[in-house]
Amino acid sequence: MNFAIVGPGAIGSLWASYLTQAGHHVCLWSRSDSSHISIQRDEYEAIQLINNDPAQLAQADVVLITLKAPQVNNVLASIAAHIHPDAILLLMHNGMGTAQVTQQRFPHNPLLLATTTHGAYRPSNHQVHHTGQGQTLLGAANARGTQCEFLVEVLNHALPQVLWHRKIEQALWNKLAINCAINPLTALHQVRNGELAQAKYRQQLDQISTEVAQVMLAEGLDVDSDALRQSINHVINATANNYSSMQQDIAHRRQSEIDFITGHLIQTAQIHAIDVSLNEQLYHAIKQIEQNW
Ligand code: KPL
């Protein structure tokens, strides 16, 4: 198949490498103005991929969008004219809230959403390390998307394990809950994920997870407050040595994904008139840092 990867950061580069290895044709769309980009994964030979070629993009059967959430709308606006009306659009990033604008911009394309737990690290623009095996959950965000379950087999062959999720919002909210708990606190305190296991963070983590669980319940999702709190602890321990993406964004003075993580939670809470005051405090604290740059 022809794949275009829009936003080849760590996860996008990982997929570019595995899809190429599986025999697919992969092109890139990135910030770089080079016509070709080389990607080397772990100890494998580097691959050369065509970059920013509108003709290649127009031939893509699948457009895998691995941009960070705040970039999705602007970048898609700039390339919309080159995307085939039958191309499958697949959004894969932290946070939520981009599906609605993408659906409005591309009302006829099949739209899929995915969340992945694979670990990837990009020490330079041309290298990617696959730092942890994970799972990718894929599901439909519109009616045409429901006809694209076949893509699971294609993607699973390239980078297992890929599973189809009939209610992908559930999986995205489960991940959002973890990001609401870990990302703002690690960014504000500039600590690794594992630091949040300390007793001094327990009460805040309890409250964040209770607030998120109430919003999830109101959204009609399956949620058990204790199980959610446990899964937050599990990720804190499993990724103890990592810096969260928001910690890194704040450390490097890059715009964070707060509007699409805690911001998305707050917007949804407002619809249901649910009090999420601790999440609001954390949201404003991160926005304050960003506005002071
Ligand atoms: O997704 C993550 C992130 O950093 O954005 C977690 C799960 C918190 C791992 O660091």
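**Notes on the pocket between the domains, helix H6 and some backbone oddities**

1. Start with the second largest pocket: its lining draws residues from both domain 1 (2–166) and domain 2 (169–291), so this pocket lies between the two. Bear in mind that we're looking at a predicted model.

2. On volume, the second largest pocket comes out at about 300 Å³. Its lining is made up of 18 residues, and those closest to the centre are Met96, Gly97, Ala99, Leu113 and Leu172. If you sort the lining by class, you get 10 nonpolar residues, six polar and two charged.

3. Which elements each supply at least two residues of that lining? They are strand E6 (88–92), helix H4 (98–105), strand E7 (111–116) and H6.

4. H6 deserves its own look. It runs over residues 168–189, and at 1.5 Å a residue its 22 residues should span 32 Å; the end C-alpha atoms sit 32 Å apart, so the expected span and the model agree. Even so, H6 has a bend of about 30 degrees, placed at Asn179.

5. Is H6 mostly covered or mostly uncovered? Mostly covered: 17 of the 22 residues in H6 are buried. Just past the end of the helix, Gln190 has a positive phi of about 50 degrees.

6. Now for the backbone. As background, most residues other than glycine have a negative phi, and most peptide bonds are trans. Here, the bond joining Pro160 and Gln161 is cis, with omega at about 5 degrees. Gln161 itself sits in the loop that connects helix H5 (151–158) to strand E11 (162–164).

7. Asp42 is worth a click too. This non-glycine residue has a positive phi, near 45 degrees, and belongs to the loop between strand E3 (36–41) and strand E4 (47–50). With a relative accessible area of 25%, Asp42 counts as partly exposed, because that class runs between the 20% and 50% cut-offs.

8. Ala273 also has a positive phi, near 55 degrees, and is not a glycine either. You'll find Ala273 in the loop between helix H10 (262–271) and helix H11 (277–292). Is Ala273 buried or exposed? Its relative accessible area is 72%, and anything over 50% counts as exposed, so Ala273 is exposed.

Notes: Residues numbered from 1 in each chain as written. Predicted model: local features only at pLDDT ≥ 70, side-chain atom pairs only at ≥ 80, totals over all residues. Heavy atoms only, no water. Helix = DSSP H or I, 4+ residues; strand = E, 2+ residues; numbered from the N terminus. Expected span 1.5 Å × (residues − 1). Bend = angle between axes of the 7 residues up to and from the residue. Buried < 20%, exposed > 50% of the residue type's maximum accessible area, 1.4 Å probe, protein only. 1 Å grid on protein atoms, 1.4 Å probe; cavity = no way out; pocket = protein on both sides within 12 Å on 5 of 7 lines; lining within 4 Å. Points joined across faces, edges and corners; volume = space filled by probe spheres on them. Nonpolar A, V, L, I, M, F, W, Y, C, P; charged D, E, K, R; others polar. Domains from an automatic or database assignment.
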